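Q: I would like to go through this protein model with you. Shall we begin with how far the model can be trusted?

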Amino acid sequence: MDQNLPIEAAQRGSRQAQAVLLRELQEPWYRMCLGLLGDPEKARDATQETGLRFLKQLARFRGDSKLMTWSMGIAINVVRESRRSSKKAITDDGQIADGRPAPGDSPEQSASGREQRDLLRTILAELPERQREAVTLRFFEELSVEETAKAMNCAEGTIKATIHQALKSLKTRLTTRRPA
């Protein structure tokens, strides 16, 4: 995200500045919500709720972390509340990535990529909630360990241990499910 975005103007109530921030943050929020909820409709709802809470809480942003990190914390809370209210985690219909083939991929490469994403999505859905959140923020949203810890409101050491456990579990599950 561009560091020159009008955060202060948005905090003072500038609708134009708030719109700029929402446009910049909406896609990362949606990707994370989709990765954690697995349902595009629920992810859109969670993204919209995140935007509303973001605007409501923006005046309290002090700049101790990046705006992206701070706002991902809001999105995680929305996702957690959504899960509690629906009592449902990632479904088989969910996607981690947008599912579009890379430019120039052959049909075989596209099919193989879809199969790999589906397998990863299935295995990721089997992880405990905190591990899924940490992996999604750290690797899919490319936040640093420090940023992931701030977004999840825990210590960096906790994030490192959580990611280590998650990667170990993912590796074990991938090797046992990979076709020979």
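A: Certainly. This is a predicted model, and confidence varies along the chain: helix α3 (residues 40-57) has the highest mean pLDDT among the elements, 95, while helix α5 (residues 107-125) has the lowest, 69.

Q: Where is the pLDDT below 50?

A: The pLDDT is below 50 over residues 88-103. Beyond near neighbours in sequence, that stretch still has 31 contacts in the model.

Q: And what is the mean pLDDT of the protein?

A: The mean is 82, and 79% of the residues reach 70 or more.

Q: Turning to the interior, how many residues are in the largest nonpolar core?

A: The largest nonpolar core has 35 residues. Those with the most contacts inside this core are Met32, Cys33, Phe54, Leu67, Met72 and Leu137.

Q: Which elements give two or more residues to this core?

A: They are α1 (7-11), α2 (15-37), α3, α4, α6 (129-140), α7 and α8 (156-177). Of these, α2 gives the most, with 10 residues.

Q: What is Met72 in contact with, leaving aside neighbours within four places in sequence?

A: Met72 is in contact with Pro28, Trp29, Met32, Leu137, Glu141, Leu143 and Ala151.

Q: Which residues does the second, separate core include?

A: The second core has 6 residues, including Ile123, Leu124, Ala166 and Leu170.

Q: A change of topic: what volume does the largest pocket have?

A: Its volume is about 400 Å³. The pocket is lined by 18 residues, and Ser65, Trp70, Gly73, Ile74 and Lys150 lie nearest its centre.

Q: Which element gives the largest share of that lining?

A: Helix α4 does, with 7 residues. The elements that give two or more residues to the lining are α4 and α7 (145-152).

Q: How many of the lining residues are nonpolar, polar and charged?

A: The lining has 6 nonpolar, 7 polar and 5 charged residues.

Q: One more residue: where does Thr69 lie?

A: Thr69 lies in helix α4, which spans residues 67-86.

Q: Is Thr69 buried or exposed, and why?

A: Thr69 is counted as buried because its relative accessible area is 1%, and the cut-off for buried is under 20%.

Q: Which residues is Thr69 in contact with, again leaving aside neighbours within four places in sequence?

A: Thr69 is in contact with Leu143, Glu147, Lys150 and Ala151. Among these, Lys150 is also one of the residues nearest the centre of the largest pocket, and Ala151 is also in contact with Met72.

Technical notes. Residues numbered from 1 in each chain as written. Predicted model: local features only at pLDDT ≥ 70, side-chain atom pairs only at ≥ 80, totals over all residues. Heavy atoms only, no water. Helix = DSSP H or I, 4+ residues; strand = E, 2+ residues; numbered from the N terminus. Buried < 20%, exposed > 50% of the residue type's maximum accessible area, 1.4 Å probe, protein only. Contact = heavy atoms within 4.5 Å. 1 Å grid on protein atoms, 1.4 Å probe; cavity = no way out; pocket = protein on both sides within 12 Å on 5 of 7 lines; lining within 4 Å. Points joined across faces, edges and corners; volume = space filled by probe spheres on them. Nonpolar A, V, L, I, M, F, W, Y, C, P; charged D, E, K, R; others polar. pLDDT = per-residue confidence, 0-100. Core = buried A, V, L, I, M, F, W, Y, C linked by side-chain atoms within 4.5 Å.
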